[in-house]
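Here are a few exercises to work through with the model open. Try each task yourself before reading the solution.

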Amino acid sequence: MRATVLITATLILLQAVGALKYVHDGSLVWLCQDEAPDKQFDIEMDWDEVLYMDFEQKKEIVRIPHFDGHGIRGGEAGISADIAVCKHNLGGWKKNSQGVIPEPNIQPDVAVYPKQPVQWGVMNTLICHAAGFFPPKLEMQWLRNNQKVTEGVNITEYYMEEDYSFQRFTYLSFVPRPGDEYTCRVQHRSLDQPAVYFWGPEVPEAQTGAGTVICALGISLGIISAIVGIILLLKERQRLHSQQRSL
């Protein structure tokens, strides 16, 4: 029997300018569950992650540079104490429910796209975004031409959304080359088998370089050859016509 507990504290920031005006929506999110990750804590602002607690390094990791230098009151020890309470409550809930805990299994919506416009041979970042899923246990893996890729890969924590579902990102640094195909493989409890999402680099024709130049050069030479041929034909006709008149 698996279960997940979310504890959130929401702060809505308002600004008084004649009348109250909405500015920001901030949330503190504690997560504890039976399966990995069995705990997580982060602070979100307008549903973007500001920072999260890295329990292995025992420190806060800032996601948005503007918040560098900010920390969590009580630090890792305080957050771990809160998580311990969360797990205690989860155990009591499971015991009192006699093993019957309804929990939704919601499939993720997945999209794969590049961070920047694609250019051959120019470093870029490929993004795989899974959103709207529950519970927050989702594996993501990159493949290039059906081969697993581990170098240049980064994956985020779980971000809570407004409807209490979750989203997650994984990033792949890559150099686009003709013929390469990339796959983001996603595994979640709601899926019968891993789902795969393909992406292949497409470069605008204006960036195809030598091929475009060669094609244009070939067309130009063809036109020139045709013009030269017409001129020679006209001159030959004039020469034959002059010979006939002299006879």
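**Exercise 1.** Is Asn-145 buried, partly exposed or exposed?

*Solution.* Some ground rules come before the steps. This is a predicted model, where local features need pLDDT of at least 70, side-chain atom pairs count only at pLDDT 80 or more, and totals for chains, interfaces and linings use all residues. Residues are numbered from 1 along each chain as its sequence is written, and side-chain values use heavy atoms, with hydrogens and water left out.

Step 1: take the cut-offs, with buried meaning under 20% relative accessible area, exposed over 50%, and partly exposed in between (1.4 Å probe, protein chains only). Step 2: Asn-145 has a relative accessible area of 37%, so it is partly exposed. Step 3: try Asn-146, which comes out at 57% and is therefore exposed.

**Exercise 2.** Find the backbone oddities in the loops.

*Solution.* Step 1: recall the usual case, in which most residues other than glycine have a negative phi and most peptide bonds are trans. Step 2: look at the loop between β8 (138-144) and β9 (147-149), where Asn-145 sits; strands here are DSSP runs (E, at least two residues), helices are H or I runs of at least four, and both are numbered from the N terminus. Asn-145 has a positive phi near 55°. Asn-146, found in that loop too, has a positive phi of about 70°. Step 3: check the prolines. The bond from Ala-36 to Pro-37 is cis, with omega near 0°, and Pro-37 belongs to the loop between β2 (19-33) and β3. Phe-134 and Pro-135 are also joined by a cis peptide bond, with Pro-135 in the loop between β7 (124-133) and β8.

**Exercise 3.** Describe the largest pocket and say where it lies.

*Solution.* Step 1: fix the term. On a 1 Å grid over the protein atoms alone, a pocket is an open set of points where a 1.4 Å probe fits, with protein on both sides within 12 Å along at least five of seven lines; lining residues have an atom within 4 Å of a point. Step 2: the volume is about 270 Å³, meaning the space filled by probe spheres set on the points, which are joined across faces, edges and corners. Step 3: go round the lining, which includes Pro-37, Asp-38, Tyr-52, Glu-157, Tyr-158 and Arg-168. β3 (39-45) and β4 (48-54) each supply at least two lining residues, and β4 has the largest share, three. Step 4: place the pocket. Domain 1 (26-97) and domain 2 (109-199) both give residues to the lining, so the pocket lies between them; the domain bounds come from an automatic or database assignment.

**Exercise 4.** Which residues surround Arg-168?

*Solution.* Step 1: locate Arg-168 in strand β12 (residues 166-174). Step 2: at 13% relative accessibility, Arg-168 counts as buried. Step 3: list contacts, meaning heavy atoms within 4.5 Å. Beyond residues up to four places away in sequence, Arg-168 touches Cys-128, His-129, Ala-130, Phe-133, Leu-138, Met-140, Ile-155, Thr-156, Glu-157 and Tyr-158. Step 4: look for a polar contact (a pair of N or O atoms within 3.5 Å; within protein, one must be able to donate a hydrogen and the other to accept it, and residues adjacent in sequence count only if both atoms are side-chain atoms). The side chains of Arg-168 and Tyr-158 make one of 3.0 Å. Step 5: follow Tyr-158 onward, since Asp-42 lists it among its contacts.
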